[in-house]
Amino acid sequence: MNKTNFMKKLVAEFIGTMWLVLGGCGSAVLAAGYPELGIGFVGVAMAFGLTVLTMAYAIGHISGCHLNPAVTIGLTVGGRFDKKYVVPYIIAQILGGILGAGILYLIASGKAGFELGGFAANGYGEHSPDGYNMMSALVTEIVMTFMFLMIILGATHSKAPKGFGGLAIGLGLTLIHLISIPVTNTSVNPARSTSQALFVGDWALSQLWLFWVAPIVGAIIAGVVYKFISPEKTV
């Protein structure tokens, strides 16, 4: 792969992850709490799914549309991605997520009486939306990321129906959010968690470790499991 083509892939991951954070976290910060007409948990779950769905068709043919360090690592373990590209992809995803959070902050802070609050950051204990403890958060993030990678690996397999991978992955992420928003605000994505935690600081940064460790563990397990059960090898 020449440098120009690889740079295009990194730019695509950067833009895609920016859109995921702006669309998903933006829906939570700007639209979920709007009195009476707010979109609520269901709306936020749909927003995250739609960001991945739209980017899957926009940049999937360019970069693979990972948008997530855990996805990149899981695909690598599953034999779908070259390990030498893992670190650059993750850097692009983190930077894209930070840009998305920065744009969201600029928009949200333009409202009179703005308070940063949780800023859609992920957390456990007193920072869990419904007060779930660290163990609940850890199990949730591992299992949800495991299933997310199983969906991705299956939907993009050579024997899967062509053209529907983005739909399955987007709907899968929506379902994951419907299940786990009350527990952790749903991460399954270290770049998404990092971008919001950098703006919140304090407790969000101190709890960020879980939202790196758990998704990566879940992704690695999924990569190993799917590689074992997959009907054939794919590149």
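Begin by selecting S63 in this predicted model, where the residue is buried, with a relative accessible area of 5%. S63 lies in helix 2, which covers residues 40-63. If you then display its surroundings and set aside residues up to four places away in sequence, you will find that S63 touches K9, A12, E13 and Y89.

Keep Y89 on display and select T72 next, because T72 is buried as well, with a relative accessible area of 0%, and Y89 is among its contacts too. T72 is found in helix 3, which runs over residues 69-77. Leaving aside neighbours within four places in sequence, the residues in contact with T72 are H66, F81, V86, Y89 and Q93. Of these, H66 deserves a separate look at the side-chain atoms, since a polar contact of 2.8 Å joins the side chains of T72 and H66.

Now turn to the surface and return to helix 2, this time selecting M46, which lies in that helix. Is M46 buried or partly exposed? With a relative accessibility of 45%, M46 falls between the 20% and 50% limits, and therefore counts as partly exposed.

From M46, extend the selection to V42, L50, L175, L178 and I179, which together with M46 form a nonpolar patch on the surface. The accessible area of these residues, taken together, is about 550 Å². To see where the patch comes from, colour helix 2 (40-63) and helix 6 (165-184), each of which supplies at least two of its residues.

Technical notes: Residues numbered from 1 in each chain as written. Predicted model: local features only at pLDDT ≥ 70, side-chain atom pairs only at ≥ 80, totals over all residues. Heavy atoms only, no water. Helix = DSSP H or I, 4+ residues; strand = E, 2+ residues; numbered from the N terminus. Buried < 20%, exposed > 50% of the residue type's maximum accessible area, 1.4 Å probe, protein only. Polar contact = N/O pair within 3.5 Å; in protein donor to acceptor, adjacent residues only side chain to side chain. Contact = heavy atoms within 4.5 Å. Patch = residues over 30% accessible without salt bridge, like charges linked within 9 Å, V, L, I, M, F, W, Y side chains within 5 Å. Areas by Shrake-Rupley, 256 points an atom, 1.4 Å probe, with all protein chains shown as cover. Salt bridge = Lys/Arg side-chain N within 4 Å of Asp/Glu carboxyl O.
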